Amino acid sequence: MTTEQMENYKRFLENQEKLFDKLFKSYDPGINAVYTLYHLPETNMTVHPPRFEIEIQLSMLKLVEVVEPEEKATFLFDYQSNWYDPRLTWDPEDYGGINHIYVPRSRVWIPETTIVDCSEVKVFDSEYTRYVWLHANGSIGMYTASVTSVVCQMDVYNFPMDKHTCSVNILFNTYLVTEFLITGKTGTLPRPVKQLGNGEWQMNSIQMTIEPVVDNMTYLTRFEATFSRNPGFYIVLVMIPAYFINVLSIVALFMDIENRQEKFTVGMTNIMSMSFILVILSEDLPKTKNLPILAIYTVTSLAIMLVSLTAVVALPKFKIYLANRSLARGEKIPKNDEVPRTCWGRIKFYFKIEYVFMAVFQIANFVNFIIIFT
């Protein structure tokens with residue numbers, strides 16, 4: 001630093017010190033800047049007070065975690081607040097051209113803000129001294145960084161292709177709606193919206209709305225995040241294996257149906273596999289009235305296997321019944337390896353009834369798998 005730069009820096013510090021003395025000599029941060037005078041004492045006339053205006057600008061809304069059983073979403077929620085305090089104004093020419101300074105938060109009055117509909121909020125403001133920026137016209141701004149967990153209703157019917165909307169809501173409870181005005185906007189985010197999710201969830205959009213609540217007595221600033229699940233994990237590790245397990249189980253059931261003990265073992269193994277998938281889903285999803293489509297798919301697959309197992313058990317008895325009926329009519333029953341001479345007899349010989357059942361259940365299994373993606 002040159003000698004001239006050092007002299008300029010010393011003059012700046014001296015002017016800043018005089019400015020601090022001027023601004024905070026009689027300033028009390030416990031007295032707020034909201035105008036509350038409704039009646040003029042001289043004329044006893046009712047006047048509308050000028051509204052105190054505060055601007056909320058979103059700086060970051062990154063999805064950290066979604067806990068479906070608790071219907072809770074956790075965000076990195078950072079925002080910038082800007083307001084005006086007429087007690088903290090000065091003429092820059094009187095203080096060496098200084099038009100803005102940085103002041104510890106404890107030295108200025110800060111409007112009360114409350115994050116509502118949340119289960120937990122951790123604000124990073126106690127690790128070191130935080131500052132606000134103060135301009136010569138009395139405008140003040142500060143940056144708030146937090147980890148916020150909000151509770152939002154989740155419809156998991158389309159799980160694992162589900163999409164949800166959760167919002168972080170800011171409310172000003174203390175002041176009357178006629179005394180303050182909220183303006184908000186979404187600032188320039190540090191990353192594209194698509195990159196503000198995590199490995200399991202992708203952020204789709206972020207919007208901001210301001211709406212009146214409690215009979216228009218106050219305003220709610222709502223930052224809404226819409227995010228959808230990345231379904232690849234469940235498709236590859238749950239849905240596709242479950243489909244092919246059913247395919248192979250149905251084939252194994254209807255091949256050589258005379259061995260019913262072996263078929264019963266195959267069917268029970270499949271049923272246990274589907275039941276295990278249902279147990280996993282019950283632990284990961286909220287207990288809502290709408291069953292997830294993946295659970296419906298699993299239950300339907302389980303039902304297909306139960307009906308298939310029932311058919312395998314009943315088919316041999318049904319074939320014996322048909323054979324006895326043919327004998328009663330005096331018809332000749334061909335041996336297992338004897339090819340009938342008639343055309344209809346050959347069709348019945350090669351296209352056995354168990355193969356028809358196999359085709360029906362395979363079609364039902366395939367339709368059940370396709371419906372989940374429609």
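Biologist: How many disulfides are there in this one?
Modeller: This is a predicted model, and the count comes to one disulfide.

Biologist: Which cysteines does the disulfide join?
Modeller: Cys152 and Cys166 are the pair, with an S to S distance of 1.9 Å.

Biologist: And where do Cys152 and Cys166 lie?
Modeller: Cys152 is in the loop between β7 (139–151) and β8 (163–171), while Cys166 is in strand β8 itself, so the bond ties together parts that are 14 residues apart in sequence.

Biologist: Are those two cysteines buried or exposed?
Modeller: Both Cys152 and Cys166 are buried.

Biologist: Why is the disulfide called right-handed?
Modeller: Because the torsion about the S-S bond of Cys152 and Cys166 is about 50°.

Biologist: What about Cys118, buried or partly exposed?
Modeller: Cys118 has a relative accessible area of 27%, so it counts as partly exposed.

Biologist: Back to that loop between β7 and β8. What sort of peptide bond runs from Phe159 to Pro160?
Modeller: A cis one, with omega near 10°. Pro160 sits in the loop between β7 and β8.

Biologist: What do most peptide bonds look like, cis or trans?
Modeller: Most are trans, and most residues other than glycine have a negative phi.

Biologist: Which residue between β1 and β2 should I look at for phi, then?
Modeller: Try Glu71, which lies in the loop between β1 (52–67) and β2 (72–84). Glu71 isn't a glycine, yet its phi is positive, about 50°. With a relative accessible area of 22%, Glu71 is partly exposed.

Biologist: And what is phi for Asp117?
Modeller: Near 55°, so to speak another positive value in a residue other than glycine. Asp117 is in the loop between β4 (114–116) and β5 (118–123), and it is partly exposed at a relative accessible area of 49%.

Biologist: Let's switch to strands. Where is Thr144?
Modeller: Thr144 is in strand β7. Its relative accessibility is 6%, so Thr144 counts as buried.

Biologist: What is Thr144 in contact with?
Modeller: Leaving aside neighbours within four places in sequence, Thr144 touches Phe77, Asp78, Tyr79, Arg105 and Val123. Have a look at Gln80 too: Thr144 and Gln80 are 64 residues apart in sequence, but their C-alpha atoms are 6.2 Å apart in space.

Biologist: Where would I find Asn198?
Modeller: In the loop between β9 (180–186) and β10 (201–213). Asn198 has 27% relative accessibility, so it counts as partly exposed.

Biologist: How far apart are the C-alpha atoms of Asn198 and Val64?
Modeller: They are separated by 6.4 Å, with the two positions 134 residues apart along the chain. Beyond the neighbours within four places in sequence, Asn198 is in contact with Leu63, Val64, Glu65 and Asn230.

Biologist: What share of the chain's contacts join residues at least 24 apart?
Modeller: Among contacts between residues at least 6 apart in sequence, 75% do.

Biologist: OK, the whole chain now. How many helices and strands does it have?
Modeller: Six helices and eleven strands. The chain has 374 residues, and buried residues make up 39% of them.

Biologist: Which residues does UniProt list for "transmembrane region"?
Modeller: The unreviewed UniProt entry lists 232–255, 264–282, 294–315 and 355–373.

Biologist: How much of residues 264–282 is helix in the model?
Modeller: That span is 100% helix and 0% strand, and its end C-alpha atoms lie 27 Å apart. Residues 355–373 come out at 89% helix and 0% strand, with end C-alpha atoms 28 Å apart.

Biologist: How are two packed helices described?
Modeller: By the angle between their axes and the distance between the axes.

Biologist: So what are the values for α2 and α6?
Modeller: The axes of α2 (residues 232–254) and α6 (residues 353–371) come within 9 Å and cross at roughly 175°. Over 145° counts as roughly antiparallel, so that is what α2 is to α6.

Biologist: Which residues make the contact?
Modeller: On α2 they include Met239, Tyr243, Val247 and Phe254, and on α6 they include Tyr355, Met358, Phe361 and Phe369.

Biologist: And what classes of residue does the contact of α2 with α6 have?
Modeller: There are 13 nonpolar, three polar and one charged. Glu354 of α6 is one of the residues making the contact.

Definitions and conventions:
Residues numbered from 1 in each chain as written. Predicted model: local features only at pLDDT ≥ 70, side-chain atom pairs only at ≥ 80, totals over all residues. Heavy atoms only, no water. Axes fitted to C-alpha atoms, helices over the stretch in contact; angles between N-to-C directions. Helix = DSSP H or I, 4+ residues; strand = E, 2+ residues; numbered from the N terminus. Parallel < 35°, antiparallel > 145°, perpendicular 65-115°, else oblique. Contact = heavy atoms within 4.5 Å. Nonpolar A, V, L, I, M, F, W, Y, C, P; charged D, E, K, R; others polar. Disulfide = S-S within 2.5 Å. Buried < 20%, exposed > 50% of the residue type's maximum accessible area, 1.4 Å probe, protein only. UniProt positions renumbered as here; feature names shortened; annotations may be inferred.
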